[in-house]
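Let's take a walk through this structure together, one region at a time. Keep the viewer open as you read, and turn it whenever a new region comes up.

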Amino acid sequence: MAGGPATHRPQCNTTSDTGNHQPTITIRDVSTSAQRSIGFINSLNNMLNNLAFNIPGSEGQAERGSPIKSCPGGAFPHTSRPCKTVPTPHKHQINKDGGDAQGCPATECSARVLSLRCAYPMWCVRNFCGLHPTMATNGYHEIAASFHQADTSIHHLKARVKELNGHAAPQNSIANGQVNGHSNGYSNGTGEDGGAGWLLRRVLDLVLKTKLVTGLDASEKVVHFKHPHELKDELDLEVGEEGCSMEEAGRILETAVHYSVKTQHPHFYNQLYGGIDEVALTGAWLTEALNTNSYTFEVAPVFMLVEHRVIEHLVGLLGWSEGDGIFAPGGSISNMYGMVLARYRRHPNIKKTGIFDQKPLVVFTSDQGHYSISKSASWLGLGMDNAVAVATDAQGRMLPAALKEAVAKAREEGKEPFMVNATAGTTVLGAFDPLEELAAVCEGEGLWLHVDACWGGSVILSRRYKHLMKGVDRVDSISWNPHKMLGTSLQCSVFLTKHKDLLKKCNSARATYLFQQDKFYDVGYDTGDKSIQCGRKVDAFKLWVFMKVHGQSLLEARVDAAFHASRHLCTEVKRRGDRFRLVQEPECTNVCFWFIPASMRGKDETPEWWVQLSKVAPSIKERMVQQGTLMVGYSPIAVKKLVNFFRMVTTCTPTPTPAHMDFVLDEIERLGEDL
């Protein structure tokens, strides 16, 4: 239908008098959302309650069709003008306190969509009754009408209802009639085609209809791919002076969903994150609806308490006796927190005087570490050249001996080592650096040990796999992204350190308009000053709701299932050894392999052969995306002289199964067999 449903739908009872076949429609509820606006609306609302509309079968009939809503005609005690008199043949009885009035009533039934077809539809539209000009119902309850033969005149009805609804709302309006920044007369305006909240319900309906959080069928497409120039033609990207209609807004939403990648699809394995479930989305939506900032208890009391408790809980999971932390906008910023704290602990004067009189500071990370370490070195003025890559073994794990050599070399060059970034679950190979051995090196060299556990940190929830992070109790800080493997909504990233109060000392700027120390409550919960941000989302709540509702046992089972699926895939790659080849044994849920097409099997593996093999994964990736059946990433690793290979990753949502893994290999083989 052209417009959206009203925020408060009238609930109607329909009965049929078997004697004269006259349906009776009783309005039980009409929106009370405007009761605070203008005094007479209470009386109007009461008067509308329990109205009974008797429509004679010879002049009008109730039947299914497009929903309509016209004025409840009658002599309103608060109107300056009575309703227009309807010709006798068109008379509809409106029973109120034993009296009758004349008018043309029509409403929508919440149980089944009804329309009232009038014998005099054009008259009804053109002579829409004149209610008091200040009457309003916040949310604009007129539904797109579908009167018989009223194809053009309906615009008069819309204009009249818009006028009526535009004069009052529960919110305080300024003199020129604007409400919450809109001059169109709608409070929290969603436009003339829908009531307040209609767009939200449209989004919810769309999410449920397309099963974005309730489970997409594997037979559906992961993506309906179009090239950028093609997609532009499908999207109306222009922004005009006037807002669009709700009908158009609905189409925009549907188009956005249609052409977006379905990360919740069982066969989306493209990135280090997947879908989210209903609980994750619920937590995320509520944080957005409450729209507050995570810097003081004053404006975010619930969320500040939640963040404190979540950090305490995570500190305990890591085996630390005490600690601190903060939620940050992504793992790159969380890793930067580690670098800033490491630098502050060594040279606290840098906070005020800068790095200008310091030796070049050097940070060490593995040659498989995340690029955010180099970027952080750039942003912090250290320079990318002073983010030193340390050699790794065949699995992609940092070599402790190579670290010691790199530290010694930096000192010989007159530089000052200050931090080591270890990785728990590297981006491509999924390697876990040996934390115990690296901690020993750092303790001996006096270096801060940070762990980038953004991808693999979820193993801390699993008794079966937490050994992969053995030694985490000895590190100085850690970053973890629950929005990756675990499946909270993007974004949800946390930085943790065992050094209590260091975050505040390092980052505090003591803004007196926010962090006054003479407030009337415990200012210990005003933790925003330990952040590098002022505006900061309340992301801790998303993780807390997720863990609170699901419980750690379920989350542990999900992590184990992700690992189990990856191990099944690894076994299948080996079993199909004539067509697939494993790059290395997996530690995390990353499974890396090559597919060898029939045309290349049994050939000498010359340098030319490997060049040809490097083209296979990109070619198959193009086909899988074009057909929409699957999304798997691919990557080369130049430092290890590995040409393009597939990098499969499994996450917790949706739960991957062995059957899913079999499909991945079958589909890759189908798509690439003729290459």
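**Two pockets and a sheet**

Sorted by class, the residues lining the second largest pocket are 9 nonpolar, 13 polar and 4 charged. The model you are looking at is a predicted one, and this pocket makes a good place to start exploring it. Its space comes to about 500 Å³. In all, 26 residues line the second largest pocket, and those nearest its centre are Leu 272, His 370, Tyr 371, Thr 427 and Lys 484. If you want one element to highlight here, choose helix 9 (residues 331–346), which gives the most to this lining, with 3 residues.

Now move over to the largest pocket, which has a volume of about 580 Å³. Its lining also counts 26 residues, and Leu 212, Thr 263, Gln 264, Ile 276 and Leu 281 are the closest to the centre. Helix 4 (198–209), helix 6 (246–259) and helix 7 (278–290) are the elements that each give two or more residues to this lining. Which helix gives the most to the lining of the largest pocket? That is helix 7, with 4 residues. By class, this lining holds 13 nonpolar, 9 polar and 4 charged residues.

Next, let's look at a sheet. It is an open one of 5 strands, in the order 7-17-18-16-15, and its pairing is mixed. Why is one side of strand 7 and of strand 15 left without a neighbour in the sheet? Strand 7 (268–269) and strand 15 (580–582) stand at the edges and have a single partner strand each, so each has one side with no neighbouring strand in the sheet. For strand 7 you can trace the pairing directly: strand 7 and strand 17 (residues 631–637) run parallel and are joined by 2 bridges. Zoom in on Tyr 269 and you will find its bridge partner in strand 17, Val 632.

Helices accompany this sheet. Helix 17 (residues 616–627) packs on the sheet and touches strand 16, strand 17 and strand 18, with its direction at about 160° to that of strand 17. Helix 16 (residues 607–614) lies across strand 15, strand 16 (591–595) and strand 18 (642–648), and runs at about 35° to strand 18.

Finally, zoom out to the whole protein. You will see 18 helices and 18 strands. Of its 675 residues, 52% count as buried. Among contacts with a separation of 6 or more, 73% are between residues 24 or more positions apart.

How values were computed: Residues are numbered from 1 along each chain as its sequence is written. This is a predicted model: local features need pLDDT of at least 70, side-chain atom pairs count only at pLDDT 80 or more; totals for chains, interfaces and linings use all residues. Side-chain values use heavy atoms; hydrogens and water are left out. Two strands pair if DSSP finds at least two bridges between them. Contact means heavy atoms within 4.5 Å. Axes are lines fitted to C-alpha atoms, for helices over the stretch in contact, and angles run from 0 to 180 degrees between N-to-C directions. On a 1 Å grid over the protein atoms alone, a cavity is a set of points where a 1.4 Å probe fits but cannot get out, and a pocket is an open set with protein on both sides within 12 Å along at least five of seven lines; lining residues have an atom within 4 Å of a point. Grid points are joined across faces, edges and corners, and a volume is the space filled by probe spheres set on the points. Ala, Val, Leu, Ile, Met, Phe, Trp, Tyr, Cys and Pro count as nonpolar, Asp, Glu, Lys and Arg as charged, and the others, Gly among them, as polar. Buried means under 20% relative accessible area, exposed over 50%, partly exposed in between (1.4 Å probe, protein chains only).
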